[in-house]
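Take a look at the protein model below. This report walks through its charged pairs, its cores and its pockets.

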Amino acid sequence: MSHATITPKSASSLRGATLPKWFSWAVAAASTALGLGISSLAGLHSSIQWALIAAVLFVLGCYAVSAAVEGKRQAKDRTATSLVWVAFLMAVIPLASLIWETVKRGVKVLDGYFLSHSMGVVADSEPGGGIYHAILGTLEQVGIATAISVPIGVLTAIYLVEYGRGRLAKAVTYFVDVMTGIPSIVAGLFILTLWIVILDMGYSGFAGSLALSILMIPVVVRSTEEMLKLVPNELREASLALGIPKWRTILKVVLPTSIGGITTGVMLAIARITGETAPVLLLVWGTSVINANPFSDPQASLPMYIYLQYANSGGSGAAYDRAWAAALTLIAFIMILNLVARGIARWKAPKTGR
C-alpha cells in the first residue's frame, strides 16, 4: 500500500491567497488621504473629525479587500486586528498631544530660578516668581498621606487575603469598593467637618493629607489584595510545612514575592492623589510664601498653584506660563515616582535561577 506524499507545490496549492505584509500600511495611508479629502470637501476643520473618518475607512477597507482576496474568515481576523490598532491610537494620540502641549508651553519659564523661588511679593499678573513653596507643600502633603495610607492599606489587604473570613471580611471588602468611587470633594468635606468645624484644628497641610489618605487607602488595598492573590498557594504550604508560623510566612514569603506589584499599586495611588485639587482647596487653601510646617497655617501645593495662576491671572501671559510650567513639573514628578517604583520592584523581586 503506497502512501501519498504532499509535495511543496501541492501544499502551496492548498493554501488560499494571502495579502502582503504591507497591506495594512497601504490601507492606512489610503484611508488617511481619503479622510483628509472628505473633510476638505465637507468643510470639516477639526482634526478629530477627519481622524474618525479615516479610522472608519481603514476598518472597512481592511475587511472589504481581505474578504475579496482571503475570504471572510481571514477578513474577520483582520477586522479585529484593525479595531485593536484604532483603539490603541485613540488612547495614545490624546496622551501624546497632552504631553507635547505641556512641554511646549511649560519650558518657557521652567528653569533653576523657577524651581528654587516662591512667588513671595510677586503678583500673579507680574512675571517672575517660582514654585518652590508649592513643591515643598506637595511633597509634605503627599508624603504624610502615603505614611498614613500604605500601612493601613497593606495590612487591610493582608487581612482580607490571608485571614479574612465571614461577614467582617465581606463588609470590609464592600466598604473598600465604595470608597474607591468616592469623589475627592466628598473626602474633603468629611475632613472639613470633622477636623476643622468640629475639632477646630484649623487649615493646614496635614488636614489635606487626611483627605488624600481617604482617597489613597482603597487603591492601595485593592491593588495589594490582587497582588497577594497571585502568590501561589504552594509557596505558603511549603513554608507552613517547615513549621514556620503564618505571620512569618507572610512576612518572608508572600510579601517579597508580590512586592513588585504592591509597589506599583502604591505608586499609582500616589500618582492619583498628587494631582487632586478639591481637598487642597477646601482644607489647605494656598499661600504665596514658603510654609514648611504642614501642621499649621495654609500651605501651597502644585495643583492649587496651577489653579490660582489660571484663576487670578487677569489675562497675563506670565501667569499662564507659570501654570503650564507647574503642570510640566507635576507630570515630571509623577514620572520620576514611576521610575523609582520600577527600580524598587526590580530590586526587591524574588531572584530566580541559581
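## Charged pairs on helices

E101 and K104 sit together in helix α4 (residues 72-106), three residues apart, which is about one turn of the helix. The model is a predicted one. The two side chains form a salt bridge, with their closest N and O atoms 3.6 Å apart. E101 is partly exposed, at 24% relative accessibility. K104 is partly exposed as well, with a relative accessible area of 43%.

Side chains of opposite charge can pair when their charged atoms come close.

Now turn to helix α9. E225 and R222 both lie there, three residues apart, or about one turn of the helix. They form a salt bridge, and the closest N and O atoms are 2.3 Å apart. E225 also meets K229 in a salt bridge, at 3.5 Å from N to O. These two residues are separated by about one helical turn, because they are four residues apart in helix α9.

Is E225 buried or exposed? E225 counts as buried, because its relative accessibility is 5% and the cut-off for buried is under 20%. R222 is partly exposed, with a relative accessible area of 22%. K229 is partly exposed too, at 48%. Salt bridges with shared partners join D177, R222, E225 and K229 into one network.

The table lists the three pairs described here.

| Pair | Closest N to O |
|---|---|
| E101 and K104 | 3.6 Å |
| E225 and R222 | 2.3 Å |
| E225 and K229 | 3.5 Å |

How many salt bridges does the structure hold? It holds eight.

## Nonpolar cores

The largest nonpolar core has 38 residues. Those that touch the most other members are I191, W195, M216, L228, I270, I273 and L283. Several helices contribute. At least two core residues come from each of α6 (132-163), α8 (184-198), α9 (205-229), α11 (246-274), α12 (278-283) and α14 (317-348). Which helix supplies the largest share? That is α9, with ten residues. Helix α9 also holds the salt-bridged pair E225 and R222.

L283 shows what such packing looks like. Leaving aside residues up to four places away in sequence, L283 touches G188, I191, L192, I196, Y203, S204, A207, G208 and A211. A second, separate core has ten residues, including M119, I131, A300 and L330.

## Pockets

The largest pocket has a volume of about 800 Å³. It is lined by 27 residues, and A55, W85, V86, L89 and I93 are the closest to its centre. Helices α2 (23-42), α3 (47-69) and α4 each supply at least two lining residues. The most come from α4, which gives eleven. Helix α4 is also home to E101 and K104. What kinds of residue make up this lining? There are 17 nonpolar, seven polar and three charged residues.

The second largest pocket has a volume of about 160 Å³. Its lining consists of V150, V154, L255, P256, I259, I262, T263 and V266. Helices α6 and α11 are the elements that give two or more residues to this lining. The largest share, six residues, comes from α11. Seven of the lining residues are nonpolar, one is polar and none is charged.

Helices α6 and α11 thus appear twice in this report: they supply residues to the largest nonpolar core, and they line the second largest pocket.

Note on methods. Residues numbered from 1 in each chain as written. Predicted model: local features only at pLDDT ≥ 70, side-chain atom pairs only at ≥ 80, totals over all residues. Heavy atoms only, no water. Core = buried A, V, L, I, M, F, W, Y, C linked by side-chain atoms within 4.5 Å. Buried < 20%, exposed > 50% of the residue type's maximum accessible area, 1.4 Å probe, protein only. Contact = heavy atoms within 4.5 Å. Salt bridge = Lys/Arg side-chain N within 4 Å of Asp/Glu carboxyl O. 1 Å grid on protein atoms, 1.4 Å probe; cavity = no way out; pocket = protein on both sides within 12 Å on 5 of 7 lines; lining within 4 Å. Points joined across faces, edges and corners; volume = space filled by probe spheres on them. Nonpolar A, V, L, I, M, F, W, Y, C, P; charged D, E, K, R; others polar.
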